[in-house]
Amino acid sequence: YASLFARLLYITVFALVTFFIIRSRRKRRRHQYDLEIERKLRLDEQRRNENELKFHTDFLHEIKTPLTLIKTPVGELLENPNLGKNTQSRLRLVLQSANILQKHIDEITDLRKFDNGNVKLRISESDFAAFVKETSILFQPVAESQSIRFSITAPDSPVVLFFDKDQMEKVVINLLSNAIKY
């Protein structure tokens with residue numbers, strides 16, 4: 001234990017143990033540093049997302065006022081019995097489109113519900129064919145203006161399904177809009 005070989009062995013073992021301890025501490029510090037950087041990046045991204053959401057929410061809130069200023073006179077005009085049927089029909093389309101836009105704005109301003117997982121489907125039993133026909137009326141003037149023959153074919157009997165009208169309305173409007181565009 002006191003020979004030169006033993007002493008060299010002790011020094012080598014001591015040096016190796018010291019090396020591995022220092023290396024282990026450096027790895028641990030590096031890992032902690034990486035975790036801290038990752039946490040800060042997540043917080044920054046979360047703040048950016050919150051700021052962006054606030055900006056869009058505020059912007060959409062500002063759109064609500066002019067939309068109300070559009071809907072109110074259209075509603076008043078619809079109460080006028082002296083309007084022609086074609087004018088009344090067009091005004092109803094304007095009001096229906098404005099109401100859909102209002103719903104979409106309300107949904108976007110309630111985006112925090114999506115983030116928190118508080119969105120619930122409002123499923124009800126309804127005639128899907130009638131629903132699609134009613135929604136498709138919005139696109140009749142657009143189709144006519146582009147000389148597109150537009151019709152909805154559905155069975156005579158009701159097609160009763162369970163669905164969320166608001167969510168399905170988005171789907172039908174998107175499909176019809178794309179059909180007319182392309």
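**Exercise 1.** Which residues in H1 are buried?

*Solution.* The model is predicted, so local features need pLDDT of at least 70 and side-chain atom pairs count only at pLDDT 80 or more, while totals for chains, interfaces and linings use all residues. Residues are numbered from 1 along each chain as its sequence is written, and side-chain values use heavy atoms, with hydrogens and water left out.

Step 1: fix the terms. Helices (H or I, at least four residues) and strands (E, at least two) are DSSP runs numbered from the N terminus. Buried means under 20% relative accessible area, exposed means over 50%, and partly exposed lies in between (1.4 Å probe, protein chains only).

Step 2: read off the residues. Ala6, Leu53, Thr57, Leu60, Leu67 and Val74 are buried in H1.

**Exercise 2.** Compare the spans of H1 and H2 with the expected values.

*Solution.* Step 1: the expected span is 1.5 Å times one less than the number of residues in the helix.

Step 2: H1 has 75 residues and should therefore span 111 Å; its end C-alpha atoms lie 108 Å apart, which agrees.

Step 3: H2 (residues 85-109) has 25 residues, and the distance from its first C-alpha to its last is 36 Å, close to the expected 36 Å.

Step 4: add the burial in H2. Gln88, Leu91, Leu93, Ala98, Ile100, Gln102, Ile105, Glu107 and Thr109 are buried there.

**Exercise 3.** Describe the two surface patches that involve Arg29 and Val17.

*Solution.* Step 1: patches are made of residues with over 30% relative accessible area and no salt bridge; like charges are joined within 9 Å, and nonpolar side chains (Val, Leu, Ile, Met, Phe, Trp, Tyr) within 5 Å. Lys and Arg count as positive and Asp and Glu as negative, with His and the chain ends not counted. The place of a charge is NZ of Lys, CZ of Arg, CG of Asp or CD of Glu. Accessible areas come from the Shrake-Rupley method with a 1.4 Å probe, and for residues only the protein chains shown count as cover.

Step 2: Arg25, Arg26, Arg28 and Arg29 form a positive patch. Arg29 lies in helix H1 (residues 4-78) and is exposed, at 54% relative accessible area.

Step 3: the nonpolar patch consists of Phe5, Leu9, Tyr10, Val13, Val17 and Ile21, which together have about 600 Å² of accessible area. Val17 is also in helix H1, and its relative accessible area of 44% makes Val17 partly exposed.

**Exercise 4.** How many salt bridges does the structure hold? Work through two that lie within H1.

*Solution.* Step 1: a salt bridge is a side-chain nitrogen of Lys or Arg within 4 Å of a carboxyl oxygen of Asp or Glu. The structure holds nine.

Step 2: Arg30 and Asp34 form a salt bridge at 3.5 Å, N to O. They are four residues apart in helix H1, so about one helical turn separates them. Arg30 is exposed at 51%, whereas Asp34 is partly exposed at 34%.

Step 3: Asp44 and Arg47 form a salt bridge at 3.1 Å, N to O. Both lie in helix H1, three residues apart, which is about one turn. Asp44 is partly exposed at 36% relative accessibility, and Arg47 is partly exposed at 48%.

**Exercise 5.** Which parts does the salt bridge of Glu169 and Lys103 tie together?

*Solution.* Step 1: the side chains of Glu169 and Lys103 meet at 2.8 Å, N to O.

Step 2: Glu169 is in helix H6 (residues 165-181) and Lys103 in helix H2, so the pair ties together parts 66 residues apart in sequence.

Step 3: Glu169 is buried at 10% relative accessible area, and Lys103 is partly exposed at 29%. Salt bridges with shared partners join Lys103, Arg122, Asp166 and Glu169 into one network.
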